[in-house]
Amino acid sequence: MTDGPALLVQKIYRDTEALYARLAPEMGQAALGYRILYGPPRPCPDILFIGFQPGGRAQDALDGLAEGQHISWPSRFEFAAAPWPLARAIRTIFSVDDLDRCTGLNLVFFRAPSMTAWRQITRPVRKELERFSLEKCEEIVKALCPRMILVIGLGTFETLAQGLPVLRKEHSRQPDVLAREGQIWGFPAIGVAHLTGSRINRHDADRLAAFLRDKTGFHANPASLHPDM
C-alpha cells in the first residue's frame, strides 16, 4: 500500500474525531460514534463499495470504540468475512478472493439505528455532519482511484449521481429498478437496490448477482451455495 492514500485517510480520521468531539454534546443520546472505512485504504481497488451510514445502537457504538473504529481501519475488508447481514449478502454474489481486493466506506460516517433516529438530530448539526462526510468521502474516493464504485442502496446512489436504469425486476406488479449505472466523481459507478432492505425475490436476486459479476468480472462465491455460509 502506498503512503499517499493512507496518510490522507489518517488525517480524515483525525478530522472526524475532532468534529465528533465538538458536536457529540449537541447530539445527546444520538451520539453513537462513527465508522469511516470497512477495509484498508487500498490504492486502485477493483471495487469501492459505498453505503449510506453505519447502523447500530449504543452497544454497537461501544463495540466499535473498543475495536478502534474511531482511529483506524480494519486490516481486511470486512465484506469478505464479517457475519452481519450485508456482508453475507455480498458474499452470495462475489468470491472472498475478489472481495479481498476491494474496500468500502459510507456516505455518512456517523452511526444511527435508523433514518428516523438520524433525522431527530437538530438540523444544523445533522447537516454539518452530512456535509463533512460527503466532502471527506469524495476525498477518499479520489485518492484511492477505484476501478469501479458499487453503491448499496438506490437512494444513496441518486444522492451522488443520476444514472440510467440498467436492470429491473421481472414478474413484479411494478417493474422496480434493481440497478442503475452512471459516474460518481469521474469513476464508473453502479447503484443497486439495498441487498438486505429491499424485497427482491430469488429470481431477481440471481439476475442481479449475474449482472454484477458480468460488470465487474468477479467470480461467484462457491460457499454461497451452502446455507451456513
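Contact is taken here as heavy atoms within 4.5 Å, and helices (H or I, at least four residues) and strands (E, at least two) are DSSP runs numbered from the N terminus. The structure is a predicted model, in which local features need pLDDT of at least 70 and side-chain atom pairs count only at pLDDT 80 or more, while totals for chains, interfaces and linings use all residues. Residues are numbered from 1 along each chain as its sequence is written, and side-chain values use heavy atoms, with hydrogens and water left out.

The buried residues of helix α8 pack against four strands, namely β3 (149-152), β4 (164-168), β5 (177-184) and β6 (187-192). Those buried positions, for which the relative accessible area is under 20% (exposed being over 50% and partly exposed in between, with a 1.4 Å probe and protein chains only), are Asp204, Arg207, Leu208, Ala209, Phe211, Leu212 and Thr216. At the start of α8, a side-chain oxygen of Asn201 comes to within 3.2 Å of the backbone nitrogen of His203, and the residue that follows the helix, Gly217, has a positive phi near 75°.

The largest nonpolar core, a core being a set of buried Ala, Val, Leu, Ile, Met, Phe, Trp, Tyr and Cys residues joined through side-chain atoms within 4.5 Å, has 38 residues, and Phe109, Phe110 and Ile140 have the most contacts inside it. Helix α1 (3-27) gives the most to this core, with nine residues. When neighbours within four places in sequence are left aside, Ile140 is in contact with Val9, Ile12, Ile36, Leu37, Leu105 and Phe109. A second, separate core of 27 residues includes Ala87, Leu150, Leu167 and Ala179.

Aromatic rings of Phe, Tyr and Trp (its six-membered ring) pair if their centres lie within 6.5 Å, with planes under 30 degrees apart counted as stacked, over 60 as edge-to-face and the rest as tilted; a search of the whole structure finds 13 such pairs. The rings of Phe49 and Phe94 have centres 6.4 Å apart and planes at 70°, so this pair is edge-to-face. Because Phe49 lies in strand β1 and Phe94 in the loop between α3 (85-91) and α4 (96-99), the pair ties together parts that are 45 residues apart in sequence. Phe49 counts as buried at 1% relative accessibility, and Phe94 counts as buried at 0%. The rings of Phe109 and Phe132, with centres 6.4 Å apart and planes at 90°, likewise form an edge-to-face pair, and both Phe109 and Phe132 are buried.

Key. Polar contact = N/O pair within 3.5 Å; in protein donor to acceptor, adjacent residues only side chain to side chain.
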